[in-house]
Each structure stands twice: as C-alpha cells, then as structure tokens.
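Reader: I am new to reading structures, and I would like to understand how the words used for them are earned. Could you take me through some of them, setting each value against its definition?

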Amino acid sequence: MNIFHRYVIREHLAPFFFAFSLIMFVLILKQMLELMDMVISKNVNILIMLKLFWFNLAWMIALVVPMSVLVATVMAFGRMAADREITAMKAAGISMWNLSFPIIGLSIIITMFMIWFNNRILPDYNYRARNLNLAIAFKKPMFTLINREGQFITDLPNLTLHVDKIDYLSGEMTGITLFKRNDDGGQTTICAHTGRFFSQQEEGRLTLALKNGELHQMDDKNSERYVRGIFSRFNYNVNFDSNLSTSQMATKNDRTMTSDEMRYEIKKHEQIIAHFQERINSLPDDSPASKNKKNDFNAEIWRNKSKISKYLVEIHKKNSIPFAAIIFVLVGAPLGMLVRRSGASIGIGMSIGFFMIYYLFLIGGESAGDRMLIAPWLAMWAPNFVLGILGIGLFIHATRR
C-alpha cells in the first residue's frame, strides 16, 4: 500500500464516521421518542426501555453501515475532485482504478463483517426485542390498542385481534374478532359483542374475557370438519413472563432466525411437500373425493412453498444488503468526482437519493419474493445488479474523463 492509498483511506474515515453518527442520531432520536411514549403511557420501567433500545440498535446498524459507505465515498471523492487532487494524481500516472482499489478492499471487509453481523447478532437481537415488546404488551394490553380501532393487531403471539370500538375509561371493547392458528394446522375464529383484558401478573397470565359471541373452528387438512359454538361468556388465556424476560417467549420468524435455522426449516417444509406429493400421486384420478383431497393437498403444498420462499428471501436479504457496500463504492466514487462539490449536504443528499432507490427496489423485491412472483434470489439481488451496472457505467465514464 503506497502513500496515495493511505491518503485516500484517510480521506474516507472522517466522512464515514460523520455519516454513521448523523444517520444513527436521526434513527435513535425517532426510537427514543417512541420509547419515551411507552415509558409515560405504559408506565414501564425506564431500564426496560433502555434494554429495548439496545436491542433495536442492531437493525439500525445493519441499515446505516452500507449507507455510510456511500456517503463517505461521495464526499471524499467529491472533495478531492473539487480541490483538483484527483487531477494531480492522474497526471502522476495513478488511474481511477488504482485510486478506488483501497476503498473497494475496505468495502469488501465491511461486507464480510456485516454478513456475519446479519446472520449472528441481528437475529438474536431482533428476537429479544420482539420478546420484550410482547412482554410489555401483555403487562399493559390496553395501551397497545390505543388508536388502533378497526385495525388488525398482531402484537400478541399466534393471534390476530380486531376491535371495532374501545372505551378507554372502562377498558371495555366492542365488536371483537380473534383469529388464532392452531398447532394442528387448523384455525379458530372467535367473534364477541364485548370483552376486556385482565392481566394477572402474579400468575403470569393475560385473560381476554369475552361476552355474547360465537366460536368457529375449521381444519385446513379436512375441509369437511367444521365446528361452530355459541357462548355467553368465554375466557381466552395467554401465559406470559411478568418479569419481562427476553430469553424465550415468542415463536421465531424469518426476521429472528439465523440462515442455518432457516435452512433447517426449509428442509422440514420440503419433506412435507414431498409427503403430500406422494399422497397426490397415490390417489385415483376419476373419483370426486380424490379431486377434493387433491385440492386440499395442493393447498398444503402451496402453503409450505410460500413459507420456503419467505425463508429464502430473508436468507438472500441478509447477504445482499451487506454486499451493497461494495456497490455503493462503485457508484459513489465516480459520482463524487463528476459532481465536484465538497459540501456535506451535497454528499448526504445524493447518497440518500440513491439509497432510497435501492431501498424501494429492496422492499418491492421482498414483497414479490414472499408472494412467489419472482425467484427469491432475484428479488433480493436485483437492486445490487441494477445499481452495480449503473456504478460500472459511471466508473468507466469517470475513468475516460
């Protein structure tokens, strides 16, 4: 590494830490406002809120690091171009590639670190944050429902709750619909005219006391099996940890699993798909009952394929976002040279614009991948492909100038 390489690296360090600190400050400020609202409204201990804040830092870091690489590259190369330093280096026989080589090397190191971070640290912190949020929701359930009438609320594990109206003084809810996915694959739907929550912290139990309603239970594996019941009073109980533990409570989803855990789940779903495929192949073709069973089996196969697709999308996402650091160097270096401005606002503004384009591609791809509209790998890597091609084009253009 020669003196020019060390100089270019040194020029990137200050903008990187400046951008990282500034963007983290904005995200932290928003997070702290939400947490302070929980402290005031839910009367939760401030130490618990600080623990929740600590766990939420993980997803912030996962987003901010690649963006900080982009800001630092645009600002550093923009300043050197504005002061004619790059022109002088080119006159000395140093090519554009030679100037960018040490930064690309650093971005590769950052990428490898963030891949490890996203697969080891991030899932665990997301899981603990989710557990803590659930514990807080159990401890103060009514505060979780504030201003959420008419919405589908999924804060409680394995439950979806819909409430038409809430009387916050008495705690009574009107027009309650509760959806629960059973362990055997069936679904239970409970509709009640009124109800209210009772939190029994000593026993670690949350009770939803319902009045005047109906219970509907269906089995996805057997469409002919359907149960309907009418009740005047019904108590639905959920156990929780009154000590607000973060170690184990919620079932894990794709955001709280490591890639190895998701690959294990994928193998399980593939075995289920193979099992139902064998049952379809063993059925006669002409029987009406066989056709109904085939439809049920195909629905089960589709459901398992959908879960596999979501896991694959998340696996590719954990790797594609860190890889964006390399792509952002290819975009940021020529962009900074072409703009030739050294202001921090210019670098941050342009970087935010490119990052928003990248993030919109990412969100759209994730949605399309989850719904199996496109292949999971393409859904998550398409933003890198698009911006990578753009970055290479800008890089070649800047080299020829």
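**Salt bridges**

Author: The side chains of Arg79 and Glu11 meet in a salt bridge, with 2.9 Å from N to O. The pair links distant parts of the chain, since Arg79 belongs to helix H2 and Glu11 to helix H1 (residues 3-42), 68 residues apart. This is a predicted model, in which local features need pLDDT of at least 70 and side-chain atom pairs count only at pLDDT 80 or more, while totals for chains, interfaces and linings use all residues. Residues are numbered from 1 along each chain as its sequence is written, and side-chain values use heavy atoms, with hydrogens and water left out.

Reader: What makes the meeting of Arg79 and Glu11 a salt bridge?

Author: The term asks for a side-chain nitrogen of Lys or Arg within 4 Å of a carboxyl oxygen of Asp or Glu. Arg79 and Glu11 meet at 2.9 Å, N to O, and therefore the pair satisfies that limit of 4 Å. A search of the whole structure finds 13 salt bridges, and Arg255, Glu314, Lys317, Lys318 and Glu366 are linked in a network of them.

Reader: Why are Asp260 and Arg120 called partly exposed?

Author: Buried means under 20% relative accessible area, exposed means over 50%, and partly exposed lies in between (1.4 Å probe, protein chains only). Asp260 has a relative accessible area of 43% and Arg120 has 44%, so each value falls between the two cut-offs. The side chains of these two residues also meet in a salt bridge, at 3.5 Å from N to O.

Reader: How do you know that Asp124 and Arg128 are separated by about one helical turn?

Author: An α-helix has 3.6 residues a turn, so residues three or four places apart point the same way. Asp124 and Arg128 are 4 residues apart in helix H4, which means about one helical turn between them. Their side chains meet in a salt bridge at 3.3 Å, N to O.

**Helices and burial**

Reader: How do you know that the span of helix H6 agrees with what is expected?

Author: Helices (H or I, at least four residues) and strands (E, at least two) are DSSP runs, numbered from the N terminus. The expected span of a helix is 1.5 Å times one less than its number of residues. The 24 residues of helix H6 (residues 259-282) should therefore span 34 Å, and the end C-alpha atoms are 35 Å apart, which agrees. Among the buried residues of H6 are Met262, Ile266, His269 and Phe276.

Reader: Why is Gly78 called buried?

Author: Gly78 has a relative accessibility of 0%, and so it counts as buried. This residue lies in helix H2 (residues 46-82), and its C-alpha atom is separated by 8.0 Å from that of Ala333, 255 residues apart along the chain. Over the chain, buried residues make up 46% of the 401 residues.

**Strands and the surface**

Reader: What makes E2 and E3 paired strands?

Author: Two strands pair if DSSP finds at least two bridges between them. E2 and strand E3 (residues 172-181) pair in the antiparallel sense over 8 bridges, and therefore the requirement of at least two is met. Lys165 stands opposite Thr174 in E3. The two strands form a hairpin with 4 residues between them, and Gly171 in the turn has a positive phi of about 85 degrees.

Reader: What makes Ile357, Phe361, Leu373, Ile374, Trp377, Leu378, Phe385 and Val386 a nonpolar patch?

Author: Patches are made of residues with over 30% relative accessible area and no salt bridge, where like charges are joined within 9 Å and nonpolar side chains (Val, Leu, Ile, Met, Phe, Trp, Tyr) within 5 Å. Phe385, one of the patch residues, has a relative accessible area of 41%, so this residue passes the cut-off of over 30%. Together the patch residues have about 730 Å² of accessible area, a quantity that comes from the Shrake-Rupley method with a 1.4 Å probe, where for residues only the protein chains shown count as cover. The largest share of the patch, 4 residues, comes from H9.
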